[in-house]
Amino acid sequence: ITPEMIQAQAQAMVQAAAQAQAVVAAAKNRGGGLVPMNAAQISALSQIQAQAIVNARPQTAIVGSGSGKSDEKPTPQQIQNQIQLQAQALVHAHTQAQISAGIYKGGETAPAAAAKPKAAPQASPLPSPAAAPV
């Protein structure tokens, strides 16, 4: 691996992170704000968003080719690599936004939550004075 390839990969990572932050900022500013999500939900959302971002601008997947031709097409492998990189950046950005908003559901997935033993039932609240017999 050459220093140029490392530099190009670093630039791709910075670009992916900036794009991810923009996507999360847009979600925050859109009407309802952020929706609480767990790690599995964030991962699924990030993967879909990454595919859309890279497919909309496939030239962002051309890393370290050095040719600089504007009509150059990325290989399927370059596109897959960029989608993966973008998805990782989105997962990080979404998770950080959720944590900073205090709404992150954590790493628990729905099947894991269903498999957990149920907590002991809480005592029911005392009836309000109005409902008590006189």
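The questions and answers below go through a predicted model of one protein chain.

Q: What makes the pattern of the protein chain α-α-α-α?
A: The chain holds four helices and zero strands, and reading along the sequence therefore gives α-α-α-α, with helices counted as runs of at least four residues.

Q: How do you know that the span of helix α1 agrees with its number of residues?
A: Helix α1 covers residues 3-29, which is 27 residues, and at 1.5 Å a residue it should span 39 Å; because its end C-alpha atoms are 39 Å apart, the two values agree. Helix α3 can be set against its expected span in this way too, since it has 26 residues and reaches 37 Å from its first C-alpha to its last, close to the 38 Å expected. Just after α3, Gly102 takes a positive phi of about 75 degrees.

Q: Why is Ile48 called exposed?
A: The word exposed is used for a relative accessible area over 50%, and Ile48, at 56% relative accessibility, therefore counts as exposed. Ile48 lies in helix α2, and its C-alpha atom is separated by 8.2 Å from that of Ala87, although the two residues are 39 residues apart along the chain.

Q: Why is Ala44 called partly exposed?
A: Partly exposed is the class between the cut-offs of 20% and 50%, and Ala44 has 43% relative accessibility, so it belongs in that class. Ala44 is found in helix α2, and from C-alpha to C-alpha it is 9.1 Å from Ala87, which is 43 residues away in sequence.

Q: Why is Ile6 called partly exposed?
A: The relative accessible area of Ile6 is 49%, and because this value is under the 50% cut-off and over the 20% one, Ile6 counts as partly exposed. Ile6 is found in helix α1, and together with Ile1 and Met5 it makes a nonpolar surface patch of about 350 Å².

Q: Which residues of α1 are buried, and what do they pack against?
A: The buried residues of α1 are Ala8, Ala12, Ala16, Ala20, Val23, Val24 and Ala27, and they pack against α2 (39-56) and α3 (76-101). One of them, Ala20, touches Gln86, Ala89, Leu90 and Ala93, when residues up to four places away in sequence are not counted.

Q: Which residues touch the most other members of the largest nonpolar core?
A: This core has 15 residues, and those that touch the most other members are Ala20, Ala50 and Leu90. The elements giving two or more residues to the core are α1, α2 and α3, and α3 gives the most, with seven residues. In soluble globular proteins, nonpolar side chains tend to be buried together.

Q: Why is Tyr104 called partly exposed, and where is it placed?
A: Tyr104 has 29% relative accessibility, and because partly exposed begins at the 20% cut-off and ends at 50%, that is the class it falls in. Its place is in the loop between α3 and α4 (110-115). Leaving out residues up to four places away in sequence, Tyr104 touches Met37, Asn38, Ala39, Ile42, Thr95, Gln98 and Ile99. The C-alpha atoms of Tyr104 and Leu34 are separated by 9.8 Å, with their positions 70 residues apart along the chain.

Q: How many of the contacts in the protein chain join residues at least 24 apart?
A: Among contacts between residues at least 6 apart in sequence, 79% join residues at least 24 apart. Of the 134 residues of the chain, 25% count as buried.

How values were computed. Residues are numbered from 1 along each chain as its sequence is written. This is a predicted model: local features need pLDDT of at least 70, side-chain atom pairs count only at pLDDT 80 or more; totals for chains, interfaces and linings use all residues. Side-chain values use heavy atoms; hydrogens and water are left out. The expected span of a helix is 1.5 Å times one less than its number of residues. Buried means under 20% relative accessible area, exposed over 50%, partly exposed in between (1.4 Å probe, protein chains only). Contact means heavy atoms within 4.5 Å. Patches are made of residues with over 30% relative accessible area and no salt bridge: like charges are joined within 9 Å, nonpolar side chains (Val, Leu, Ile, Met, Phe, Trp, Tyr) within 5 Å. Accessible areas come from the Shrake-Rupley method with a 1.4 Å probe; for residues, only the protein chains shown count as cover. A salt bridge is a side-chain nitrogen of Lys or Arg within 4 Å of a carboxyl oxygen of Asp or Glu. A nonpolar core is a set of buried Ala, Val, Leu, Ile, Met, Phe, Trp, Tyr and Cys residues joined through side-chain atoms within 4.5 Å.
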